[in-house]
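Got your viewer ready? Load the model, switch to cartoon, and keep the selection box handy.

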Amino acid sequence: GLMVYNQNNVNNNILLCACKQYNLDQKNGILLVNINTEERKENFDYCFYDTDDFEVHCFCLISDVKNNNPINGDITVEDNIKICKSNLFLVGGFDKEKGDGVIKLYKLLENEKDNGAYIEYLQDIVIQDFRFEKPISCITQSNITGNILITCWDGNVYLFKPPNIDFFLNYTN
């Protein structure tokens, strides 16, 4: 899986790649590649984040979606939907130690000194009285309702209400 995030600088894109350990010489983790489209460099800046026993399978950027359409009418009228993108993202996968599918919340941060970026782990997403028994394979967010759709290797698709990210939008180091 991969995800591209465009920072405030329109010429600067961040590519996140899911890395899975297949042999002892490899590691599970997230590869962050800073792609500066303006300079056309042969070598991109990158950083690898080791996730130990957590196998990363997918990413989903989180937005704050406000839908002001009437519930009993057409909820897809774009003029009544406001989408505020954030630098928060969900990472889905499998925790080999726990034997469960897991979702983690991360934040993408900019390093203004060298026009770079880095990621920060915030927390595991815990769903009360529920566990994913297989790996999380895909996470996506609706641009209409803000709901989160999660697919799992157990063959099911799960629907969750929009995440409450207000605290994390104001969170700083």
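The tour below goes from the whole chain to its strands, cores, pockets and a couple of loop residues.

**Stop 1: the whole chain**

Bear in mind that this is a predicted model. Colour the cartoon by secondary structure and you should find 11 strands and 1 helix. Follow the chain along its sequence and the order is β-β-β-β-β-β-β-β-β-β-β-α, with the helix coming after the strands. The chain has 173 residues, and buried ones make up 40% of them. If you like contact maps, take the contacts between residues at least 6 apart in sequence: 47% of those join residues at least 24 apart.

**Stop 2: strand β6 and its partners**

Select residues 81-95, which is strand β6. How many of its 15 residues are buried? The count is 11, so β6 is mostly covered, given that buried means under 20% relative accessible area.

Now add residues 54-67, strand β5. β5 and β6 run antiparallel, with 12 bridges joining them. To check the register, pick N67 and look across to I81 in β6, which stands opposite.

Next, bring in β7, residues 100-111. This strand is also antiparallel to β6, and 8 bridges link the two. Click L90 and then L105 in β7: those two are bridge partners. β6 and β7 make a hairpin with 4 residues between them. Zoom in on the turn and select G99, whose phi is positive at about 75°.

**Stop 3: the cores**

Switch on side chains. The largest nonpolar core holds 17 residues, and I139 and I150 have the most contacts inside it. At least two residues of this core come from each of β5, β6, β7, β9 (136-141) and β10 (148-152).

Centre on I150. What does I150 touch, once residues up to four places away in sequence are set aside? The list runs to I103, F132, I136, C138, I139, N156, V157, Y158 and F160.

There is also a second core, separate from the largest one, with 15 residues. Select L32, Y49, F59 and F89 to see some of its members.

**Stop 4: I136**

One of the residues touching I150 deserves its own selection: I136, which sits in strand β9. Is I136 buried or exposed? I136 counts as buried because its relative accessibility is 0%.

Put a distance label between the C-alpha atoms of I136 and H57 and it should read 6.9 Å, although the two are 79 residues apart along the chain. Leaving out neighbours within four places in sequence, I136 is in contact with H57, C58, G92, G93, G101, V102, I103, I150, T151 and C152.

**Stop 5: the pockets**

Time for a surface. Rolling a probe the size of a water molecule over the atoms shows where empty space is left.

The largest pocket offers about 350 Å³ of space. Select L90, I125, K161, P163 and N164 to land there: of the 16 lining residues, these are the closest to the pocket's centre. L90 is the residue you paired with L105 at the β6 stop. The elements that give two or more residues to this lining are β7 and β10. Colour the lining by class and you get 13 nonpolar, 2 polar and 1 charged residues.

Move on to the second largest pocket, with a volume of about 220 Å³. Its lining is K98, D100, G101, V102, I103, D124, I125, V126, I127, F130, R131 and F132. β7 gives the most here, with 4 residues. By class, the lining has 7 nonpolar, 1 polar and 4 charged residues.

**Stop 6: two aspartates with positive phi**

Finish in the loops. Select D52, in the loop between β4 (45-50) and β5. D52 is not a glycine, yet its phi is positive, about 55°. With 57% relative accessibility, D52 counts as exposed.

Then jump to D129, in the loop between β8 (116-124) and β9. Here too a residue that is not a glycine has a positive phi, this time about 60°. D129 is exposed, with a relative accessible area of 79%.

Note on methods. Residues numbered from 1 in each chain as written. Predicted model: local features only at pLDDT ≥ 70, side-chain atom pairs only at ≥ 80, totals over all residues. Heavy atoms only, no water. Buried < 20%, exposed > 50% of the residue type's maximum accessible area, 1.4 Å probe, protein only. Pairing = 2+ DSSP bridges. Core = buried A, V, L, I, M, F, W, Y, C linked by side-chain atoms within 4.5 Å. Contact = heavy atoms within 4.5 Å. 1 Å grid on protein atoms, 1.4 Å probe; cavity = no way out; pocket = protein on both sides within 12 Å on 5 of 7 lines; lining within 4 Å. Points joined across faces, edges and corners; volume = space filled by probe spheres on them. Nonpolar A, V, L, I, M, F, W, Y, C, P; charged D, E, K, R; others polar.
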